[in-house]
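Let's walk through this model together, starting with the overall fold and moving on to a helix, a pocket and a few side-chain contacts. Keep the structure open as you read.

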Amino acid sequence: MNRLIALLPCLLLAACSSHLPTEQQLMHHHWVLESVNEQAVQADPGSAPDLEIGENFTINGIAGCNRYFGKANLDDDRFWVTSLGHTNMTCDTPLDRVEQQVLAMLQEGATLRQESQWLVLEGRYTLRYRLEDWK
């Protein structure tokens, strides 16, 4: 019984911990941006900033009000995008600020971790995405 009690904190910690996903685990998923630096992102449903990771580790999504696309890279826990392109429409605040933060993080790179139904990118900003695969 004492062993079970001693193991319980370890088991609980392991269940809540994040892990380093592989490219294969990240591909073919759709993530919606929930927060930047722990501040909720306010956007209309269907046009919320998002990230989709597709075949051959390509990415696309909405940064704020503009669409973006590129080639994702993953080295251990480091995630960044090369060949990043995007449309160039005028954004209203606060989505303009969110867009600039998202694009900066994708280009500069960030530490990536996955926590169950969440994908977190940490660098100059902290972007927290919720898994919302297409139905």
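A residue is called buried here if its relative accessible area is under 20%, exposed if over 50%, and partly exposed in between, using a 1.4 Å probe and protein chains only. By that yardstick, 39% of the 135 residues of the protein chain count as buried. Please bear in mind that this is a predicted model, in which local features need pLDDT of at least 70 and side-chain atom pairs count only at pLDDT 80 or more, while totals for chains, interfaces and linings use all residues. Residues are numbered from 1 along each chain as its sequence is written, and side-chain values use heavy atoms, with hydrogens and water left out.

Now for the fold. Helices (H or I, at least four residues) and strands (E, at least two) are DSSP runs, numbered from the N terminus. The protein chain has three helices and nine strands, and along the sequence they follow the pattern α-α-β-β-β-β-β-β-α-β-β-β.

Two loops in the first part of this tour deserve a look at their backbone angles. His28 sits in the loop between helix H2 (23-26) and strand E1 (29-36), and has a positive phi of about 70° although it is not a glycine. Asn37, in the loop between E1 and E2, is likewise a non-glycine residue with a positive phi, of about 50°. Asn37 counts as partly exposed because its relative accessible area is 36%.

Next, find helix H3 (residues 95-108). The expected span of a helix is 1.5 Å times one less than its number of residues, so the 14 residues of H3 should span 20 Å, and its end C-alpha atoms are indeed 20 Å apart. Its buried residues are Leu95, Val98, Glu99, Gln101, Val102, Leu103, Ala104, Met105 and Leu106. After H3 comes Gly109, with a positive phi near 95°.

H3 also takes us to the largest pocket. On a 1 Å grid over the protein atoms alone, a pocket is an open set of points with protein on both sides within 12 Å along at least five of seven lines, probed with a 1.4 Å sphere, and lining residues have an atom within 4 Å of a point. The largest pocket holds about 190 Å³ of space. Its lining includes Val36, Asn37, Pro94 and Arg97. Strand E2 (39-40) and H3 are the elements that give two or more residues to this lining, and H3 supplies the largest share, four residues.

What about aromatic contacts? Rings of Phe, Tyr and Trp (its six-membered ring) pair if their centres lie within 6.5 Å; planes under 30 degrees apart count as stacked, over 60 as edge-to-face and the rest as tilted. A search of the whole structure finds one such pair. Phe57 and Phe79 meet edge-to-face, 6.3 Å centre to centre with 85° between the planes. This pair links distant parts of the chain, 22 residues apart: Phe57 is in the loop between strand E3 (50-53) and strand E4 (58-62), and Phe79 is in strand E6 (residues 78-86). Phe57 counts as buried because its relative accessibility is 0%, and Phe79 counts as buried at 1%.

Finally, turn to Gln114 in strand E7 (residues 110-115). With 11% relative accessibility, Gln114 counts as buried. Gln114 and Tyr129 are 15 residues apart in sequence and 9.5 Å apart in space, C-alpha to C-alpha.

Note on methods: Points joined across faces, edges and corners; volume = space filled by probe spheres on them.
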